[in-house]
Amino acid sequence: MASINAGATFKVSRKNPELIRPAKPTPHELRILSDIDDQDGLRFQMPLVLIYRHSPSMEGRDPVRVIRDAVAKALVFYYPFAGRIREFATRKLVVECTSEGVLFVEADADATLQQLGTLLPPIQNLRELLYDVPGAAGVIDCPLMLIQVTRLLCGGFVLAWRYSHTMSDAGGILQFFTAVSELVRGAERPSVLPVWERHILCARYPPRVTLRHPEHDIVIDTKQTIIPHDRMMRHFFFGPTEISILHQSLPPHLHSCSRFQIVTACMWRCRTIATFSHPNEDVRLLCVVNIRKRLNPPLPEGYYGNAIVYPAAVTTAEKLLKNSLHYAVELVKKAIHEATEEYVKSVVDLMVLRGRPNLTGPRTYLVSYAKGFEEVDVGWGKPAYGGVARGGVDSFPRAVSYFMPFKNSKGEDGIMVPLCLPPKAMDVLIHELQKMLLGRSSIASAL
């Protein structure tokens with residue numbers, strides 16, 4: 001039984017998990033993953049959620065059957081997802097395309113969409129809406145995707161899934177579910193056909209690291225700054241007014257910065273203040289950067305592997321706090337700009353030479369902009385919520401925020417930032433944000 005809120009509960013009844021195989025025969029072969037795909041930092045399963053309202057135009061159609069059938073058709077084109085990952089020498093990962101299928105769970109909840117709670121991450125009752133099938137949570141020799149469709153009393157439903165991040169980044173898995181949505185609506189094949197070509201992001205021979213990569217530095221956690229368990233989640237909305245206030249505080253040469261860069265710099269600075277970092281210790285910001293169009297030639301359209309890097313902005317806590325916002329913005333902008341083709345080749349080679357290391361943990365804040373899922377229409381219209389199921393990634397010993405597009409109650413478009421911190425640190429962060437936003441308090445919401 002899952003709790004909705006104080007005094008309210010709902011039950012989820014599930015059928016036994018099943019395997020969805022490709023709708024037609026597919027090749028049995030080995031497919032090598034790239035040296036970006038199989039790094040330590042991506043060896044986990046990533047949960048996402050789409051929540052749909054009732055649609056009169058789909059009356060009589062069962063979302064479980066509709067999505068199950070469309071996934072089987074999509075797997076004909078994306079058949080590596082129906083296989084299993086094997087680990088070879090030097091920890092190299094390879095997909096054996098076995099057509100075993102992806103896990104699928106059919107479920108019903110005695111609740112309406114309104115009773116699910118606030119439609120922001122972390123999604124309430126995720127364990128009920130995405131059942132953790134025993135033995136299926138690993139990376140090696142496990143199903144590469146687990147999907148659960150849960151019908152709601154109101155006629156809406158929840159489509160929740162988790163997938164092996166070694167297979168795809170957010171752009172890649174969005175491409176897969178866009179294909180599913182097109183097949184639901186009658187297409188015979190996806191408008192964008194999948195492209196494997198993982199060799200493009202494999203190391204050169206011989207591999208050579210030509211640039212500094214502080215995102216993979218080994219850092220000693222001198223003050224146990226890894227996030228403690230007694231943390232709380234808050235959501236911060238940056239709409240036109242908030243962005244304008246921050247923008248006006250910047251010098252003219254930074255007026256061309258993107259909303260993402262400004263919000264990222266603001267949150268990094270405020271979070272550093274809130275976590276009481278030692279003045280002389282380095283603090284890091286890692287930005288997830290999509291490299292599909294940063295290579296020459298660009299990655300082919302339809303490439304659905306991990307095409308992301310994590311360029312780092314590094315400074316001391318003292319410099320970050322003593323300088324105004326423009327200092328942080330300049331560091332963020334410079335880090336993103338440095339994600340060049342040579343940077344990509346260098347970090348790929350680093351993976352091979354250093355045994356596929358994880359990202360730096362202590363005193364690190366990682367941000368990503370998860371967008372596009374709010375547009376996935378599987379026949380019931382656009383979702384009431386579409387995006388990450390959690391505000392951060394549990395397997396990372398560092399702070400992670402997934403920024404997302406959001407429309408507030410006034411109809412204003414902006415960026416929503418979920419963030420976890422201990423209660424005392426959260427109070428400090430909210431205070432610092434209010435100072436930067438000239439006393440505005442509506443940005444912080446205990447959702």
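**Helix α1, a small sheet and the cores**

Me: In this predicted model, what span should helix α1 have at 1.5 Å a residue?
Reply: Happy to work through it! Helix α1 covers residues 63–77, which makes 15 residues. The expected span is 1.5 Å times one less than the number of residues. The end C-alpha atoms are 22 Å apart, which agrees with the expected 21 Å.

Me: Which side-chain oxygen reaches the backbone nitrogen of V64 at the start of α1?
Reply: Look at the start of the helix, where the backbone nitrogen of V64 has a side-chain oxygen within 3.1 Å. That oxygen belongs to D62.

Me: Which helix is included in what covers the buried residues of α1?
Reply: The buried residues of α1 include P63, V64, I67 and L75. Their cover includes the strands β4, β9, β10 and β11. The helix included in that cover is α3 (170–184).

Me: Why is one side of β5 and of β7 left without a neighbour in the sheet?
Reply: Start with the order of this open sheet, β5-β8-β7, paired antiparallel. β5 (29–32) and β7 (84–87) each have a single partner strand, so one side of each is left free because they stand at the edges.

Me: Which residue of β8 stands opposite I32?
Reply: Follow the pairing of β5 with β8 (residues 93–97), which is antiparallel over four bridges. Opposite I32 in β8 stands V94.

Me: How many residues are in the largest nonpolar core?
Reply: Among the members touching the most others are F81, M145 and W161. W161 touches residues including M46, L130 and F373. The core's residue count is 88.

Note on methods: Residues are numbered from 1 along each chain as its sequence is written. This is a predicted model: local features need pLDDT of at least 70, side-chain atom pairs count only at pLDDT 80 or more; totals for chains, interfaces and linings use all residues. Side-chain values use heavy atoms; hydrogens and water are left out. Two strands pair if DSSP finds at least two bridges between them. Helices (H or I, at least four residues) and strands (E, at least two) are DSSP runs, numbered from the N terminus. A nonpolar core is a set of buried Ala, Val, Leu, Ile, Met, Phe, Trp, Tyr and Cys residues joined through side-chain atoms within 4.5 Å. Buried means under 20% relative accessible area, exposed over 50%, partly exposed in between (1.4 Å probe, protein chains only). Contact means heavy atoms within 4.5 Å. A polar contact is a pair of N or O atoms within 3.5 Å; within protein, one must be able to donate a hydrogen and the other to accept it, and residues adjacent in sequence count only if both atoms are side-chain atoms. Lists of a residue's contacts leave out its neighbours within four places in sequence.
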